[in-house]
Amino acid sequence: MKRATRIAGALAAAAVLAGTLSACGGGSDGGSGGGPEQVTFWGSWSGAQAKQLQKQADAFNAAQDEYEVKYVGQELVEEKLLTALASGSVPDVVLWDRYATPLYVPKNALAPIDEYLEADGVDTAQFYEQAMGELVVDGETYGLPLLVDNRSLFYNADLLKEADVEPPTDWDTLKAAAEATTVREGGKLSVAGFALDDPGLFNIWLKQAGGQMFSDDGTATAFNSPEGLEVLEFWQSLLDAGVYEPGFGEGVDSFAEDKLAIKYDGPWALTALDEAETNYGIVQPPVGPDGDQGAGMGGFGLVIPQGAENPDGAWEFMKWWTTQPANGVDFAKISGWIPANVEAANDPYFTKDDRYQAFIETMEYAEVRSNIPGASDVEGKALIPALERFLGGEIDARTALGEAQELGDRILADNAQ
């Protein structure tokens with residue numbers, strides 16, 4: 001049964017867009033030719049990951065004969081979607097960073113799917129609650145969670161064995177293991193003990209230190225705190241110990257090549273490491289000085305843009321992939337990613353596989369990033385740039401946090417107006 005009017009009717013402007021779509025954007029009705037209707041699937045994944053997505057789409061195409069999904073990779077997919085909306089040439093379904101949802105719903109970029117959910121009786125409780133929550137804005141649902149992840153601690157088993165150290169469990173043992181596995185040859189770093197290369201993970205370090213990113217009422221930043229300073233002082237101690245240098249290993253997979261001992265990474269890394277036959281292990285993120293756990297939940301969902309030509313086909317694809325646990329497990333076998341469907345994530349494929357044990361355990365306390373208005377810009381425009389300057393030795397810890405707080409609070413104030 002056709003239900004496109006439910007989506008197109010969400011806004012009058014969307015209906016206008018739907019009538020002016022050009023052939024290069026969304027799906028087309030294959031009815032005139034007697035074949036399946038085309039569903040255009042956008043995402044930011046490229047290379048081998050793009051092939052993984054198309055393989056999953058091919059499985060959907062083979063499972064029914066009404067729709068045919070084709071994946072089209074796009075750099076900066078969120079920005080490309082806004083351009084497509086302006087030109088009237090949008091895809092039907094998008095692989096979506098859930099964290100971006102509150103930023104793009106006010107731009108009328110996404111269509112609500114509540115009527116689809118109700119009509120087909122889809123129970124959203126089957127998904128990780130926090131992942132589902134990232135796709136709900138002002139009481140309306142804008143997508144379904146597809147994949148979840150967290151950053152757990154990967155270690156090169158051979159390098160740790162050579163250094164006679166155990167996998168880290170807290171900050172102290174992390175530093176000790178990093179120092180023990182670091183190798184310098186002629187004063188040059190040849191094996192890094194720990195990859196301190198992603199300031200975007202500051203939020204999970206802050207949780208481990210017992211701090212928080214924002215005030216309880218969401219009106220101000222809270223990272224310029226004793227806990228925030230403790231994180232940066234620990235980072236500085238790692239840099240001072242020489243376990244890492246900014247830019248080390250750029251352009252190569254140092255971990256797979258036995259040039260990096262310990263790093264934070266996600267389940268997407270498993271396939272490549274297994275193909276490289278790297279001897280690695282994974283443990284939960286180390287706890288902070290007072291035993292606090294901290295982990296972030298990220299991942300992707302599937303959304304339907306406003307003005308999609310074939311929202312019905314998009315919905316059927318979304319529903320098939322996310323609500324049938326077996327399909328989520330099948331994609332994990334292709335890609336290494338963990339399904340956002342809780343039943344699928346607890347399939348024996350994951351629970352009986354040592355590679356996934358830490359991820360599944362960490363998922364029990366992993367938290368999504370804040371969805372208060374402006375939170376993503378606080379991180380992307382204020383905090384991370386300041387932390388990059390700190391890691392590069394341009395400014396000290398107090399200056400970095402102070403500058404990020406000043407700009408971050410302005411961003412929150414602007415978004416509250």
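In what order do the five strands of the open sheet that holds β7 stand, and is their pairing mixed? I began the notebook with this point, keeping in mind that the model is a predicted one. I read the order as β8-β9-β10-β7-β11, an open arrangement in which the pairing is mixed. At the edges I found β8, residues 183–185, and β11, residues 280–283, each of them pairing on one side only. From one strand to the next, the twist averages 25°.

**Entry on β8 and β9.** I then looked at the edge strand β8 and its partner β9, which covers residues 188–194, and noted that the two run antiparallel and are joined by three bridges. Within this pairing, Arg184 stands opposite Leu189 of β9.

**Entry on the helices against this sheet.** I looked up helix α9, residues 171–181, and found that it lies across β7 (152–156), β8, β9 and β10 (260–265), with its direction at about 155° to that of β9. Helix α17, residues 354–362, also packs on the sheet, where it touches β7, β10 and β11, and I noted an angle of about 15° between its direction and that of β11.

**Entry on the sheet of six strands.** I turned next to another open sheet, whose six strands follow the order β2-β1-β3-β12-β6-β13 and whose pairing is mixed. Its edge strands are β2, at residues 67–73, and β13, at residues 338–339, and each of these pairs on one side only. I followed β2 to its neighbour β1, residues 37–43, and recorded seven bridges between the two strands, which run parallel. Here Val39 stands opposite Val69, a residue of β2. Helix α3, spanning residues 47–63, lies across β1, β2 and β3 (93–97), and I noted that it runs at about 175° to β2.

**Entry on the nonpolar cores.** Which residues of the largest nonpolar core touch the most other members? I found that, of its 81 residues, these are Phe194, Phe202, Trp205, Leu232 and Trp235. Helix α18, residues 375–391, gives the most to this core, contributing eight residues. I looked more carefully at Trp235 and, leaving aside its neighbours within four places in sequence, listed its contacts as Leu196, Pro199, Phe202, Trp205, Leu387, Phe390 and Leu391. Two of these partners, Phe202 and Trp205, are themselves named among the core residues that touch the most other members. Apart from this core I noted another, made up of 51 residues that include Val122, Leu147, Ala314 and Trp320.

Notes:
Residues numbered from 1 in each chain as written. Predicted model: local features only at pLDDT ≥ 70, side-chain atom pairs only at ≥ 80, totals over all residues. Heavy atoms only, no water. Pairing = 2+ DSSP bridges. Helix = DSSP H or I, 4+ residues; strand = E, 2+ residues; numbered from the N terminus. Axes fitted to C-alpha atoms, helices over the stretch in contact; angles between N-to-C directions. Contact = heavy atoms within 4.5 Å. Core = buried A, V, L, I, M, F, W, Y, C linked by side-chain atoms within 4.5 Å. Buried < 20%, exposed > 50% of the residue type's maximum accessible area, 1.4 Å probe, protein only.
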